[in-house]
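Here are my notes on the model, set out as numbered points. Please read them with the coordinates open.

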Amino acid sequence: MSEEKIVVANKGLVRAEFAFWVGQYMDKFYDALENKKIIGNKCPKCGDVFVPPRKICGKCNKTIPLDQNWVDLPDAGVLKNYTITYYKINDRASRKVKKPQIIGMVQIDGSNTAIVYRLLDIEPEKVKIGMKVKVQWEEKTKGDPSDIKGFIRV
Ligand SMILES: [Zn+2]
């Protein structure tokens with residue numbers, strides 16, 4: 001017994017608007033970004049500071065209480081590593097760009113983790129691991145990761 005099926009395919013993109021909640025820890029973090037501030041949270045056992053904040057320390061498996069252990073941090077840090085790409089990021093079409101983009105891992109001063117953002121206003125050959133960088137804030141913040149435009153050399 002065979003069943004005949006008709007398959008219809010439509011090529012193109014379907015845009016779906018959606019909203020989701022990032023959780024209480026990230027909510028606080030994004031609120032701080034909206035005010036152009038970087039905060040992290042500190043493990044009560046080992047003292048590691050996380051940016052972005054975490055609920056549980058991966059090293060000690062200790063829960064970091066939501067209402068405690070928040071740390072104000074500067075909007076500056078050290079470049080720990082980087083890569084250079086000719087592809088657009090944050091773009092699902094991933095088209096090639098003429099000017100390479102530099103994506104850096106930045107450890108905010110006073111934290112033990114690194115965040116990934118673009119390095120701005122610097123030529124690839126001038127980038128050095130260990131160089132001091134600081135946040136370039138978006139003029140109008142909205143409480144999400146894009147409030148940080150990228151990092152510039154200090
Ligand atoms: Zn810990």
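1. Does Asn-61 count as buried or exposed, and how many C-beta neighbours does it have inside 10 Å? Asn-61 counts as exposed, because just 9 C-beta neighbours fall inside 10 Å, and the exposed class ends at 12. The residue sits in the loop between β2 and β3. Its phi is near 65 degrees, a positive value in a residue other than glycine. Keep in mind that this is a predicted model.

2. Overall make-up. The protein has one helix and eight strands. The helix comes at the start of the pattern, which reads α-β-β-β-β-β-β-β-β along the sequence.

3. Dimensions. The radius of gyration is 20 Å, whereas a compact globule of 154 residues would have a value near 15 Å. The C-alpha trace spans about 65 × 40 × 30 Å along its principal axes. Of the 154 residues, 19% count as buried. Take the contacts between residues at least 6 apart in sequence: 50% of them join residues at least 24 apart.

4. The helix and Ala-32. Helix α1 covers residues 24-34, and Ala-32 is found in it. Ala-32 counts as partly exposed because it has 19 C-beta neighbours inside 10 Å; a buried residue needs 20 or more. Leaving out residues up to four places away in sequence, Ala-32 touches Lys-37, Ile-38 and Ile-39. As a distance check, the C-alpha atoms of Ala-32 and Lys-99 are separated by 32 Å. Those two residues are 67 apart along the chain.

5. The three-stranded sheet. Three strands form an open sheet, ordered β2-β1-β3, with antiparallel pairing. Why do β2 and β3 each have one side without a neighbour in the sheet? Both stand at the edges, each with a single partner strand, so one side of each is left unpaired there. β2 covers residues 49-50 and β3 covers 70-73. Strand β1 (residues 38-42) is joined to β2 by two bridges. Lys-42 has Val-49 as its bridge partner in β2.

6. Pairings of β7. This strand (residues 132-137) pairs with β4 (residues 76-87) over three bridges, in the antiparallel sense. Val-78 has Lys-132 as its bridge partner in β7. β7 also runs antiparallel to β8 (residues 148-153), and five bridges join the two. There, Gln-136 stands opposite Gly-150 in β8.

7. The β5/β6 hairpin. β5 and β6 pair in the antiparallel sense over five bridges. Val-106 stands opposite Ile-115 in β6. Six residues lie between the strands of this hairpin. Gly-110 takes a positive phi near 90 degrees in it.

8. The core. The largest nonpolar core has 17 residues. Which of them touch the most other members? They are Val-51, Val-106, Val-133 and Phe-151. At least two residues each come from α1, β1, β2, β5 (96-108), β6 (115-119), β7 and β8. β5 gives the most, with three residues.

9. Val-51 and the cis bond. Val-51, one of the core residues named above, deserves a second look. Beyond its neighbours within four places in sequence, Val-51 is in contact with Ile-38, Gly-40, Leu-73, Ile-108, Ser-111, Thr-113 and Ile-115. A cis peptide bond joins Val-51 to Pro-52, with omega at about -5 degrees. Pro-52 lies in the loop between β2 and β3, and Asn-61 lies in the loop between β2 and β3 as well.

10. Another positive phi. Where does Asp-121 lie? Asp-121 lies in the loop between β6 and β7. Its phi is positive, about 55 degrees, although Asp-121 is not a glycine. Asp-121 is exposed because 10 other C-beta atoms lie within 10 Å, and the exposed class takes in 12 or fewer.

Terms used:
Residues are numbered from 1 along each chain as its sequence is written. This is a predicted model: local features need pLDDT of at least 70, side-chain atom pairs count only at pLDDT 80 or more; totals for chains, interfaces and linings use all residues. Helices (H or I, at least four residues) and strands (E, at least two) are DSSP runs, numbered from the N terminus. The radius of gyration is taken over C-alpha atoms; the globule rule is 2.2 Å times the number of residues to the power 0.38. Two residues are in contact if their C-beta atoms, placed from the backbone, lie within 7 Å. Two strands pair if DSSP finds at least two bridges between them. A nonpolar core is a set of buried Ala, Val, Leu, Ile, Met, Phe, Trp, Tyr and Cys residues joined through C-beta atoms within 7 Å.
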